[in-house]
Amino acid sequence: MAKFEFRLDRVLEYRQLEEDWARATYLEARAARVAHEQEIDLLRQKRIDVLAEPIFTLESHRALEIYLGQMDEQERLDHVAMSVLMDEEAIALTHWQSKKQDVQVLDKLREQALEEWKLDEARLEQAQLDEWTTSRRAA
């Protein structure tokens with residue numbers, strides 16, 4: 001019995017590597033987005049903590065206003081960065097899904113080729129058995 005060989009095995013292996021790379025890129029983009037979300041949450045919590053402190057003097061009130069203005073600017077910049085990170089994550093996800101689909105197509109082709117090979121092998125085996133049976137009867 002001959003060994004099954006899929007003629008596109010190397011292409012399939014390379015596509016699987018591409019899928020792994022695309023998945024890793026997506027996971028990195030997702031991790032970057034999640035880390036940035038945590039930074040934004042820490043900034044919000046810091047704002048809440050600063051606003052909870054009592055203010056007794058005019059100078060501390062001015063300092064608080066300046067600090068809150070800086071925090072507002074930082075929050076605006078963080079939201080811009082977050083939208084960029086979300087776009088990068090979406091692009092990476094789309095790319096990964098595309099590569100995954102490429103692998104699935106080749107997997108289906110491989111499965112079909114394997115089924116055809118099994119049928120051919122079964123036919124060949126049956127033909128050999130038929131030949132052997134007719135040769136035994138003739139003897």
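Helices here are DSSP runs of H or I with at least four residues, strands are runs of E with at least two, and both are numbered from the N terminus. The model is a predicted one.

**Exercise 1. Place E5 relative to helix α1, and decide whether E5 is buried or exposed.**

Solution.
Step 1. E5 belongs to the segment that precedes α1.
Step 2. The cut-off for an exposed residue is a relative accessible area over 50%.
Step 3. E5 has 66% relative accessibility, and therefore counts as exposed.
Step 4. For its position in space, take Q128, which is 123 residues away along the chain: the C-alpha atoms of E5 and Q128 are 22 Å apart.

**Exercise 2. Count the helices and strands of the protein, and find out why the protein is described as more spread out than a compact globule.**

Solution.
Step 1. The protein contains two helices and zero strands.
Step 2. For 139 residues the globule rule gives 14 Å, whereas the radius of gyration is 32 Å; this is well over the rule, so the protein is more spread out than a compact globule.
Step 3. Along the principal axes, the C-alpha atoms fill a box of roughly 120 × 20 × 15 Å.
Step 4. Buried residues make up 19% of the 139.
Step 5. The exposed area is about 11100 Å², of which carbon and sulfur atoms supply 54%.

**Exercise 3. Compare the span of α1 with the expected span, and list the buried residues of α1.**

Solution.
Step 1. With 44 residues, α1 reaches 64 Å from its first C-alpha to its last.
Step 2. At 1.5 Å a residue the expected value is 64 Å, and the span of α1 is close to that.
Step 3. The buried residues of α1 are L12, E18, E19, A22, Y26, A29, R33, H36, I40, L43, R47 and V50.

**Exercise 4. Find which residues R47 and K99 contact beyond their sequence neighbours.**

Solution.
Step 1. R47 sits in helix α1, and K99 sits in helix α2, residues 58-138.
Step 2. The limit for a buried residue is under 20% relative accessible area.
Step 3. R47 has 19% relative accessibility and therefore counts as buried; K99, at 15%, is buried as well.
Step 4. Setting aside neighbours within four places in sequence, R47 is in contact with L68, M71, D72 and E75.
Step 5. On the same terms, K99 touches E18, E19 and A22.
Step 6. For the protein as a whole, consider contacts between residues at least 6 apart in sequence: 88% of them join residues at least 24 apart.

**Exercise 5. Describe the surroundings of A2, and give the C-alpha separations for the pairs A2 with K46 and S135 with I55.**

Solution.
Step 1. A2 lies in the segment before α1, which covers 9-52.
Step 2. Its 45% relative accessibility makes A2 partly exposed.
Step 3. Apart from neighbours within four places in sequence, A2 has contacts with W117 and E121.
Step 4. K46 is 44 residues from A2 along the chain, and their C-alpha atoms are 70 Å apart.
Step 5. S135 is in helix α2 and, at 39% relative accessibility, counts as partly exposed.
Step 6. S135 and I55 are 80 residues apart along the chain, with 107 Å between their C-alpha atoms.

**Exercise 6. State how many positive and negative side chains the protein has, and how far apart the centres of the two sets lie.**

Solution.
Step 1. There are 20 positive and 31 negative side chains.
Step 2. The centres of these two sets are 6 Å apart.

Definitions and conventions: Residues numbered from 1 in each chain as written. Heavy atoms only, no water. Rg over C-alpha atoms; globule rule 2.2 N^0.38 Å. Buried < 20%, exposed > 50% of the residue type's maximum accessible area, 1.4 Å probe, protein only. Contact = heavy atoms within 4.5 Å. Areas by Shrake-Rupley, 256 points an atom, 1.4 Å probe, with all protein chains shown as cover. Lys, Arg positive; Asp, Glu negative; His and termini not counted. Charge placed at Lys NZ, Arg CZ, Asp CG, Glu CD. Expected span 1.5 Å × (residues − 1).
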